[in-house]
Every structure is written in C-alpha cells, then in structure tokens.
Amino acid sequence: MKKLLISKKTKGILGAIAFPIVFIAFWQLFILAGFPSARFLPSPYKVLQKFVILFSDPTYSHNIAVSLQRVMIGFFIGTLAGFIFGLLMGLSKTAEKIFAPFFHAVRQVPMIGWIPLIIMLFGMNELPRVLIISVAAFYPITLNTFSGVRNVPREYLELASVYGYKGLTLIRKIIIPAALPSIATGISLGLAMSWSVLMVAEIFIQTAFGIGTQIQRGRDRFDIALVIAGIITVGVLGYSMTLLVQKIVKAVERGQVISADK
Amino acid sequence: MSNNKGTLEIRNLSKSFIVDNSPLQILNNINLTVTSGSFVSIVGSSGCGKTTLLRIILGLENHYDGEALMDGKQIVGPGTNRGIVFQDHRLLPWLTVGENVAFGLDKLNRKEKKLLVDEHLQLVGLIGFESVYPSQLSGGMAQRVAIARALANKPEMLLLDEPLGALDALTRMYMQKELERLWQLEKITMIMVTHDIEEAIYLSDKVVIMSSRPGIIKQIIDVSSSRPRDRASSEFMQIKAEILEEFHLGTEYTFAYAI
C-alpha cells in the first residue's frame, strides 16, 4: 500500500486554510460580477493592501496592544470576582439563596443595555470600558465555579471528613481541585465573552486607541477596507486567544485525569 | 497489636433514618464484640444495614441509639485510629499515587511523609509508582494504593467496605491473599463488609451474618481453620454450606440421590 507523504499536521493546516481560500475566491468573483449592491465592497486585494499599510503603521500595533491590555485587565478582574463569588455561592446555601435570584436577573440584561447608564454615570472613560469587559467575564466564571463546587463528588467530601479535613484546608485540598475542570471551562468562556464585548466597549464608549476605535474610524472615513481589516484582526486575535486558553484548559484537565492510553 | 488496641464493643445499637417523614429502622439491637487483632467479616444481602454499621464504626454516622465503643471510648466521629478502604478506590485523580498515600499525613513534614509513603507502597508492592496518576492504574493496583493510604496513618483498626467488590474474579482472589498477608504483617484489627461468602470464610476469624429489614445479627460463625485456608477443603465447604443455610440458599440434595 502506498503511503501518503503528507503528515497529519500538514493535513490539518491545509484543511484549515482551504475554506478561507474558497471564501476569498467567492468574494473576488462577487466583485468581478459587478453587482450594484457590491459597489462599495473593496476587493480582497484592497484589504490586503490595507493590511500592508497597517503593518507599517505604529498606530495599528498600538491599537492592538491597547485592546489586548484592556481585555486582560477586565478579564482578570472579572475572573477574580467571579471565582470568589461562585465559590461563596457554591459553598454556602444561604449565600446562594440571598444572591442567586439577583444575579440571575441582572445577567439577563445584555451588556449593550448597560451602556447608556454606564456612560451617564462614569462618562467616556477607561473605567466603564474595563468594567463592561469584567462583568462579561464575571457571569460565566461565577456560574461554572458555582456548579463545579456544588458538584464535588460526595465520596471525596466523605473521604476528606474521614481524614479530618475542614474549612480552608478542605476548600484548598478537595473542593477547588475537584471543581477545577468546571472553573477552567468558565474561564475560557469568560475570555471569549470579554473579547466579544471589547468591541461594544470601544465603539460605544469612544476612545483614542483600540481595534474598535480603528473600526469606528474606518466607518467615519468611509474606508471599508479599514473596517474589514479591523474585523479580521479581531477575529484572528480572538481565535488565537481561544486556542491558547483551550491549551491551558487541556493541560489542567490532563493534570486531573491522565488518559489511560497515554 | 500486642497492646490490645483496636477493640470494638457494640451494645444494643439501633439506627433509623427518616424517610418521607417517618423513621425507617436500619439496624435493630446490634451486639458485637471484636477483639484486638482479629479479622471479622460482615455478610448479608443488600439493604441489611451492614454498610451503615461500618459507617457508624468509622464515625460518619453519629446519631444512633446504644453504644459503639472503640477501645472503650464512644465513637463520635472519624479518627486516625480507624482506617477505611471503600469499594471504589476513591483515590483523588489530581494527586499522584504518592500524594494519595500521603493524603492523611497532612500534619507531618516532607521527610516523615516520604518515609511513610515509601514504607506503605513497599508493603502493597507498588514501589516505583509514586508519581503515577490513579487513572493509569488497574483496578487491583488502585485498590492496593487505597489500602496503603489507609494503613499509612497507622490505624489500630482497618475498615473495609466491600473492598474487592469491583474487581474481576482472579484479581479478587489474589487480593484476598494480599489482604491476609497485610493483616498478618500489621497485626491490626480488620472489619470487612462483603457480599462474598467465600471471601469472608477465607479471611475471617468470625463471620457475622446479618439479615435485613430491620438489620439484625442473625448468627456469628467462628472460623478457626488454620491459614492459609484451602477453599476446596471439606471444612471450608461445610462452613460455606452452614452460612448459605442461614440465607436459605442451602442445596436440597435431590440430585444427589437421582443417580
């Protein structure tokens, strides 16, 4: 039997770029067909040219850096608060009874619904932008930490009580490690949420720098190529971050359950 | 142990659970004496309260009537003088084998911990497996780690809740020999709950037979045959028949005369 000389990894990469190539081809065809509705749509080549300009423009990298920093700060605050709040509600039925209804009601309000209030209260500042991002991360991390803590197997708790583990030691040695896979899922969802509200934060609460700002600026100048370049940047960066977090989550889970076939 | 530790005295013990707002009696007037260094098995069908009895001895069930005395003191909660091996090995998946064995040794320093972990892994024949994770072990190995964890605390009494119930038949027989070896080596009291009558006869000085609803002790059978015991010996078979009779599972010898 002949062996294909393409490695699994190469196959994976080819598979991943096949669709974007087809997509770009259709995009180009669409423009060549000359539909009236496509008259403002720049060609893929024009967007590529825009990227070439952007890569040599220090504002572009600065926009990316500012956005990443903004997400990281907001995400960090949201993670910390969500972890503590989720742990508290998971550990104490009383805390759950007091806070859960309020929490679930508040979380029904989409982030964009808060914007007018937040702008009126805080003005167009960095604080409300970071606040929005942290709240977005806060919800999934709270929920997943809570359910992780609640679902610690009874058997482990029993074992801990046989060995006299109580209070903080119990939390540190049993509850948090047992809840870790669920917490990790919450963190990766939280990061995705932070990243997706970044645009809301940057476009609605105007700011000098950020990828959202770049997109908004493109709109103001009717520079559609700049807008599309901004969207692609958001997608690629967000996807890279998701991949990174997934790697971390997998590493955490591997620490939990090492697959037997390894 | 030569110091006569590890004795158990249960007097007029009864236990009820509240089910749908009415009490359901699980154990009724249990009386049992376990001497230091003996091996006692509790057998009975599902729901006879044998696991509840073991949980009371372990200290996980604190509300009961009557007395449960460990070395003369009323049992009010878990303690380091009693170790436990559950049916599921209950090793923590995020800890290595070594860390699992050291789970009950939190108060010791690293050096003391390592010494005890090595000693007990050696004891169960798993030296060299310290840094392996539980999911990489077979069922029998995992259960041996669980035994090492229970013994590392140097308990005076080891409680075994169907410890071999989840293992295949051959591993199970091998582990029965292992348990006997450990019991003879450590010279501590062992109380085992099991479904397996042969296992109980093979290992025990005393087989406690319970029946259900509410759980009572029906009969206590002394097994005094010399060790290691031969499962095929007539003495072994006779004790087995006697126990099966208690469960109304004795053979009616109809076919024996049919020839």
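Biologist: Hi! Which residue lies over the face of Tyr202(B)?

Modeller: Hello! That's Arg231(B), at 4.1 Å from the ring centre. Keep in mind that this is a predicted model.

Biologist: Thanks! And what lies over the face of Phe86(B)?

Modeller: There you'll find Arg90(B), at 3.6 Å from the centre of the Phe86(B) ring.

Biologist: Let's switch to rings paired with rings. How many aromatic pairs does the structure hold over all chains?

Modeller: The count over all chains is 15. One of these pairs is Phe40(A) with Phe222(A).

Biologist: Is that pair stacked or edge-to-face?

Modeller: It helps to know that a pair of aromatic rings is described by the distance of the centres and the angle of the planes. For Phe40(A) and Phe222(A), the centres are 5.5 Å apart and the planes are at 85°. Planes over 60 degrees apart count as edge-to-face, so this pair is edge-to-face.

Biologist: Where in chain A do those two sit?

Modeller: Both are in loops: Phe40(A) in the one between α1 and α2, and Phe222(A) in the one between α9 and α10. The pair therefore ties together parts that are 182 residues apart in sequence.

Biologist: Are Phe40(A) and Phe222(A) buried or exposed?

Modeller: Phe40(A) is exposed, and Phe222(A) is as well.

Biologist: What about Phe103(A) and Phe138(A), how are their rings arranged?

Modeller: Their centres are 5.9 Å apart with the planes at 70°, so they are edge-to-face. Phe103(A) belongs to helix α4 and Phe138(A) to helix α6, so this pair links parts that are 35 residues apart in sequence.

Biologist: Why does Phe103(A) count as buried?

Modeller: Because its relative accessibility is 4%, and buried means under 20%. Phe138(A) is buried too, with a relative accessible area of 18%.

Biologist: Which residues form an aromatic cluster with Phe103(A) and Phe138(A)?

Modeller: Phe85(A), Phe99(A) and Tyr139(A) join them in one cluster.

Biologist: New topic! Where is Gln214(A), and is it buried or exposed?

Modeller: Gln214(A) is in helix α9 of chain A, which covers residues 211–220. Gln214(A) is buried, with a relative accessible area of 6%. Leaving aside neighbours within four places in sequence, its contacts include Leu54(A), Tyr60(A) and Leu226(A).

Biologist: Last one: what does Ile112(A) touch?

Modeller: Val200(A) and Phe204(A), not counting residues up to four places away in sequence. Ile112(A) lies in helix α5 and is partly exposed, at 43% relative accessible area.

Biologist: How far is Ile112(A) from Ser196(A)?

Modeller: They are 84 residues apart in sequence and 11 Å apart in space, C-alpha to C-alpha.

Conventions: Residues are numbered from 1 along each chain as its sequence is written. Chains are lettered from A and ligands numbered from 1 in the order in which they are written. This is a predicted model: local features need pLDDT of at least 70, side-chain atom pairs count only at pLDDT 80 or more; totals for chains, interfaces and linings use all residues. Side-chain values use heavy atoms; hydrogens and water are left out. Helices (H or I, at least four residues) and strands (E, at least two) are DSSP runs, numbered from the N terminus. Buried means under 20% relative accessible area, exposed over 50%, partly exposed in between (1.4 Å probe, protein chains only). Contact means heavy atoms within 4.5 Å. Rings of Phe, Tyr and Trp (its six-membered ring) pair if their centres lie within 6.5 Å; planes under 30 degrees apart count as stacked, over 60 as edge-to-face and the rest as tilted. A charge sits over a ring if NZ of Lys or CZ of Arg is within 6 Å of the ring centre and within 35 degrees of the ring normal.
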